[in-house]
Amino acid sequence: MDAVESSKTHRLYLLLKERIQTGVLAPGDRLPGEPSLAATHGLSRVTVRRALDGLSRDGLVTRLPGAGTFVSEPNGRPPVVADLANMFAHLVAMGRATKVRLLSFAYVVPPPAIAAALGLGPGERTQASLRVRSFDDVPFSYLATHVPERIGVTYSEGDLANRPLLELLERSGVVADRAEQTISATLAGPDAAAALGVEIGSALIALTRVVRDGEGRGIEHLSALYRPDQHAFRMELVRAGDGEDRHWRPTTRVKGPAAHPNATGSEANERPKTRQRRKP
């Protein structure tokens, strides 16, 4: 498939996906047939078929030979939600409630930008890893981490495959004190697309975080990619200040019952959505 056809396929896929997600096409509705879609959008039937196949792979439609293509019923599994206001809370619980697949584990000289973010000297190495985290066997995050070698040598490949990274860092005597993170959007490259089960070029949420200890030294650099259909970010805000200084301020709940076992922030605060609210 050439680039032009790939673009046309993806455009029709996104159009139909949006109609399904916004309720224009409801569960059980029959989509127009391939000839009708091809004529309406000026596409070949092959391009239409590929777009419908993509919707089917994502569980949005069901294709029944001889009957047509129908909008699927929701699977009932809520997306993972990251609470940005409480980034480090419950990371260990999340790690135990979700599954992780370790793709690579090595000691490397990191790219200059990562070395600078962690405050490393020339030639200093990091323990670099790639992981995929899943909930209910559906991948939602693709995680690339760099940890200074002096810390990385305290845990093994087997440790990282079975225990949350923050737990391993703190086991080594390091205490995560603060972090800076940015959130943006990007497109899935071949490796991320394969790991997350999406098409190359699919839109992803991108997060970069640098974690520091109490003395400001970098202890972890995280580059994370999230499937937007499986992951969302949440922040609770309150109004603060007086007069012209009134503004929205993030709030962190510190009282009430324990959060859902998947409640963590980004990788450190992920939890399935719930209608329940914590007690004041």
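**Reading salt bridges, strands and cores**

Author: Let's start with one residue: E180 is partly exposed, with a relative accessible area of 35%. Keep in mind that this is a predicted model.

Reader: How do I read a percentage like that, and is R212 buried or exposed?

Author: Under 20% counts as buried and over 50% as exposed, with partly exposed in between. R212 has a relative accessibility of 14%, so it counts as buried. The side chains of E180 and R212 meet in a salt bridge, with 2.9 Å from N to O. This pair links distant parts of the chain: E180 sits in strand β7 and R212 in strand β8, 32 residues apart.

Reader: What's the general idea behind a pair like that, and how many salt bridges does the structure hold?

Author: Side chains of opposite charge can pair when their charged atoms come close. Here the count of salt bridges is 14. Take E199 and R57, whose side chains meet at 2.0 Å, N to O. They come from distant parts of the chain, 142 residues apart: R57 belongs to helix α3, while E199 lies in the loop between α9 (190-196) and β8 (203-212).

Reader: Going by their accessible areas, are E199 and R57 buried or exposed?

Author: E199 is partly exposed at 39%. R57 has a relative accessible area of 55%, so it is exposed.

Reader: Which residue does D229 meet in a salt bridge?

Author: That partner is R227, at 2.8 Å from N to O. D229 is partly exposed, with a relative accessible area of 29%, but R227 is buried at 7%. Salt bridges can also share partners, and E34, R45, R49, D53 and R63 are joined into one network that way.

Reader: On to strands. What is the strand order in the open sheet of six strands?

Author: To read a sheet, walk across it from one strand to its pairing partner. Here the walk goes β4-β5-β6-β9-β8-β7, and the pairing is antiparallel. The edge strands, β4 (99-108) and β7 (178-187), each pair on one side only. From one strand to the next, the twist averages 15°.

Reader: Can we zoom in on one edge? How many bridges pair β4 with β5?

Author: Nine bridges, in the antiparallel sense, with β5 covering residues 126-135. For a spot to click on, try V100, which stands opposite R133 in β5.

Reader: And where would I find a hairpin?

Author: A hairpin is read as two strands plus the turn between them. Look at β1 and β2, which have three residues between them. In the turn, G66 has a positive phi of about 85°. β1 (residues 61-64) and β2 (residues 68-71) run antiparallel and are joined by four bridges. One pairing to check is L64, whose bridge partner in β2 is G68.

Reader: What about the greasy parts? How many residues does the largest nonpolar core have?

Author: In soluble globular proteins, nonpolar side chains tend to be buried together. In this model the largest such core has 16 residues, and those with the most contacts inside it are L16, L31, V48, L52 and L55. Three helices each supply at least two residues of this core: α1 (3-21), α2 (34-41) and α3 (45-57). A second, separate core has 13 residues, including F105, L165, L169 and V211.

Reader: Which residues does V48 touch, setting aside those up to four places away in sequence?

Author: V48 touches L12, E34, L37, A38 and L43. You've met E34 already, in the salt-bridge network.

Reader: Let's try one more residue. Where is R239 placed, and which residues is it in contact with beyond its neighbours within four places?

Author: R239 is in strand β11 (residues 237-240). Beyond those neighbours, R239 is in contact with R246, H247 and W248. Its relative accessible area is 39%, so R239 is partly exposed. R239 and P250 are 11 residues apart in sequence and 8.9 Å apart in space, C-alpha to C-alpha.

Reader: Finally, the whole chain: how many helices and strands does it have, and what share of it is buried?

Author: The chain comes to nine helices and 13 strands. Buried residues make up 41% of its 280 residues. Of the contacts with a separation of 6 or more, 62% are between residues 24 or more positions apart. The accessible surface is about 14700 Å², and 53% of that belongs to carbon and sulfur atoms.

Technical notes
Residues are numbered from 1 along each chain as its sequence is written. This is a predicted model: local features need pLDDT of at least 70, side-chain atom pairs count only at pLDDT 80 or more; totals for chains, interfaces and linings use all residues. Side-chain values use heavy atoms; hydrogens and water are left out. Two strands pair if DSSP finds at least two bridges between them. Axes are lines fitted to C-alpha atoms, for helices over the stretch in contact, and angles run from 0 to 180 degrees between N-to-C directions. A nonpolar core is a set of buried Ala, Val, Leu, Ile, Met, Phe, Trp, Tyr and Cys residues joined through side-chain atoms within 4.5 Å. Buried means under 20% relative accessible area, exposed over 50%, partly exposed in between (1.4 Å probe, protein chains only). Contact means heavy atoms within 4.5 Å. A salt bridge is a side-chain nitrogen of Lys or Arg within 4 Å of a carboxyl oxygen of Asp or Glu. Accessible areas come from the Shrake-Rupley method with a 1.4 Å probe; for residues, only the protein chains shown count as cover.
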